[in-house]
Amino acid sequence: MHIGIIGTGWISRQFADAVQRQQGAQLAGVLSRTRDSAERFKLPGEAYPAYGDIEEFLADPRIDTVYIASPNSMHYSQAAKAIDAGKNVIVEKPAFSNPAEFAKIEMLLQRHPRVRFFEAARHIHTGAFRSIAQQVGNMGAISGAVLSYMKYSSKYDAFLAGETPNIFTARFSGGALQDLGVYLAYDAIALFGAPLAAQYHPLLLSTGTDAMGTGVLHYQHFDATLLISKTVNSRFGSEIYAGRQILSFDNGGDLGSVRLVEGDGTVQEICRSATGNPMSEEVRDFTEVIQAPDEPANQSRYLRWLRQSREVCATLWQMRQSAGIHFPADDSGQLPNAAER
């Protein structure tokens with residue numbers, strides 16, 4: 001897997017470091033707004049080419065997979081160009097602004113059947129998440145869940161100072177739901193399936209995006225409550241309930257330690273907090289699928305991740321609609337009709 005990176009923020013650097021530690025994967029290029037800024041991204045000893053033009057970047061035959069970590073609103077257009085160029089695509093979460101964009105990407109994937117598309121929801125690839133999923137499967141009927149990810153953003157200080165960071169602007173499809181809430185939506189959907197309905201009650205900023213909010217995902221016999229914020233810190237953690245049992249873990253994005261609390265108060269530690277690069281496990285999984293896409297186990301994993309990504313996108317959209325949060329990206333087009341698909 002020869003990876004070209006779009007975007008030069010800290011998350012791209014973390015992803016690049018994970019790639020360099022993964023057998024069978026290597027960095028093959030980086031794209032930024034200018035060639036100079038792309039050059040500055042590289043560490044001493046990194047010899048891959050730097051680009052300031054996306055067409056030149058995608059024309060590089062050495063790049064077979066593109067990792068996209070640009071502002072949210074740019075994900076769709078860059079992913080579409082990469083797929084048309086025959087490149088596999090890994091898009092940082094949230095993959096796209098709305099289901100219309102997702103549907104168009106799936107149409108492109110049908111035209112390029114050898115191309116693979118992944119949303120980089122890193123936490124569902126971790127050992128901690130597998131431990132949570134196994135315990136949920138053993139707990140019996142689920143009674144409810146409270147999933148929390150509340151983390152004060154350094155970008156909020158800039159917003160309070162009068163600046164307009166991308167993550168807090170509707171133009172770039174930002175906000176707490178899109179940034180941290182996507183982790184919680186993945187938790188719920190990967191563990192319980194797609195909800196029957198979804199609502200969101202946000203605290204809105206003057207830019208039209210949400211600073212924080214509470215979401216409710218409705219299932220047949222229980223609700224999952226999502227607590228999301230980029231303007232406060234919380235140590236509340238997350239819990240899943242099954243009768244007297246509680247499955248407890250830290251925030252729904254980093255997961256941390258996983259504990260099972262029995263009805264008598266007995267606590268069993270299921271999994272300890274992981275150390276090291278938190279993106280290493282997703283890079284491993286994506287590499288395995290890209291290297292052997294036709295293996296039945298890899299086909300199954302890939303289709304599961306694609307379905308979950310589609311359902312997360314639809315759920316975030318439903319939550320935004322319930323809250324009246326609108327992005328300019330929502331005006332770019334409607335869902336394709338059956339004939340177009």
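**Exercise 1.** In this predicted model, determine which residues Trp305 is in contact with once its neighbours within four places in sequence are left aside, and decide whether Trp305 counts as buried or exposed.

*Solution.* Leaving aside those neighbours, Trp305 is in contact with Phe118, Ile124, His125, Asp285, Phe286 and Val289. Next, place the residue in its element: Trp305 lies in helix H10. A distance can then be added, for Trp305 and Glu119 stand 186 residues apart in sequence, while their C-alpha atoms are 7.9 Å apart in space. Finally, turn to accessibility: buried means under 20% relative accessible area, and Trp305 counts as buried because its relative accessibility is 10%.

**Exercise 2.** Establish the order of the strands in the open sheet of eight strands, identify its edge strands, and state which strands helix H10 touches.

*Solution.* Begin with the order, which reads E8-E9-E10-E7-E11-E12-E13-E14, with mixed pairing. The edges are strand E8 (197-204) and strand E14 (267-271), each of which pairs on one side only. With direction ignored, neighbouring strands of this sheet are turned by 15 degrees against each other on average. Helix H10 (residues 296-323) packs on the sheet and touches E8, strand E9 (210-218) and strand E10 (223-229), its direction making about 55 degrees with that of E8. For one pairing in detail, take strand E12 (residues 245-249) and strand E13 (residues 258-261), which run antiparallel and are joined by four bridges; within this pairing, Phe249 has Val258 of E13 as its bridge partner.

**Exercise 3.** Work out which residues of helix H4 are buried, what covers them, and whether Lys81 counts as buried, partly exposed or exposed.

*Solution.* The buried residues of helix H4 (residues 75-84) are His75, Gln78, Ala79, Ala80, Ala82 and Ile83. An α-helix has 3.6 residues a turn, so residues three or four places apart point the same way. The cover over the buried residues of H4 includes strand E1 (2-6), helix H3 (54-58), strand E4 (65-68), strand E5 (88-92) and helix H5 (99-111). Lys81 also lies in helix H4, but it counts as partly exposed because its relative accessibility is 39%. Not counting residues up to four places away in sequence, Lys81 touches Ile54, Glu55 and Leu58; the C-alpha atoms of Lys81 and Leu58, 23 residues apart along the chain, are separated by 8.1 Å. Just after H4, Gly86 takes a positive phi of about 80 degrees.

**Exercise 4.** Find which members of the largest nonpolar core touch the most other members, and which helix gives the largest share of this core.

*Solution.* Of the 98 residues in the largest nonpolar core, those touching the most other members are Ile5, Phe15, Tyr67, Phe117, Ile132, Phe192 and Ile240. Helix H8 (residues 176-192) gives the largest share of this core, 12 residues. Another core, of six residues, lies apart from it and has among its members Tyr156, Phe159, Ile167 and Ala211. To examine one residue of the largest core, take Phe15, which, leaving aside neighbours within four places in sequence, is in contact with Ile3, Ile5, Tyr67, Ile90, Met279, Glu282 and Val283.

**Exercise 5.** State what volume the largest pocket has and which residues of its lining lie nearest its centre.

*Solution.* The volume of the largest pocket is about 1,400 Å³. Its lining consists of 47 residues, of which Gly9, Trp10, Ile11, Ala69 and Lys155 lie nearest the centre. At the level of elements, helix H1 (10-20), H4, helix H7 (154-160) and H8 each supply at least two residues of this lining.

Conventions. Residues numbered from 1 in each chain as written. Predicted model: local features only at pLDDT ≥ 70, side-chain atom pairs only at ≥ 80, totals over all residues. Heavy atoms only, no water. Pairing = 2+ DSSP bridges. Axes fitted to C-alpha atoms, helices over the stretch in contact; angles between N-to-C directions. Contact = heavy atoms within 4.5 Å. Buried < 20%, exposed > 50% of the residue type's maximum accessible area, 1.4 Å probe, protein only. Core = buried A, V, L, I, M, F, W, Y, C linked by side-chain atoms within 4.5 Å. 1 Å grid on protein atoms, 1.4 Å probe; cavity = no way out; pocket = protein on both sides within 12 Å on 5 of 7 lines; lining within 4 Å. Points joined across faces, edges and corners; volume = space filled by probe spheres on them.
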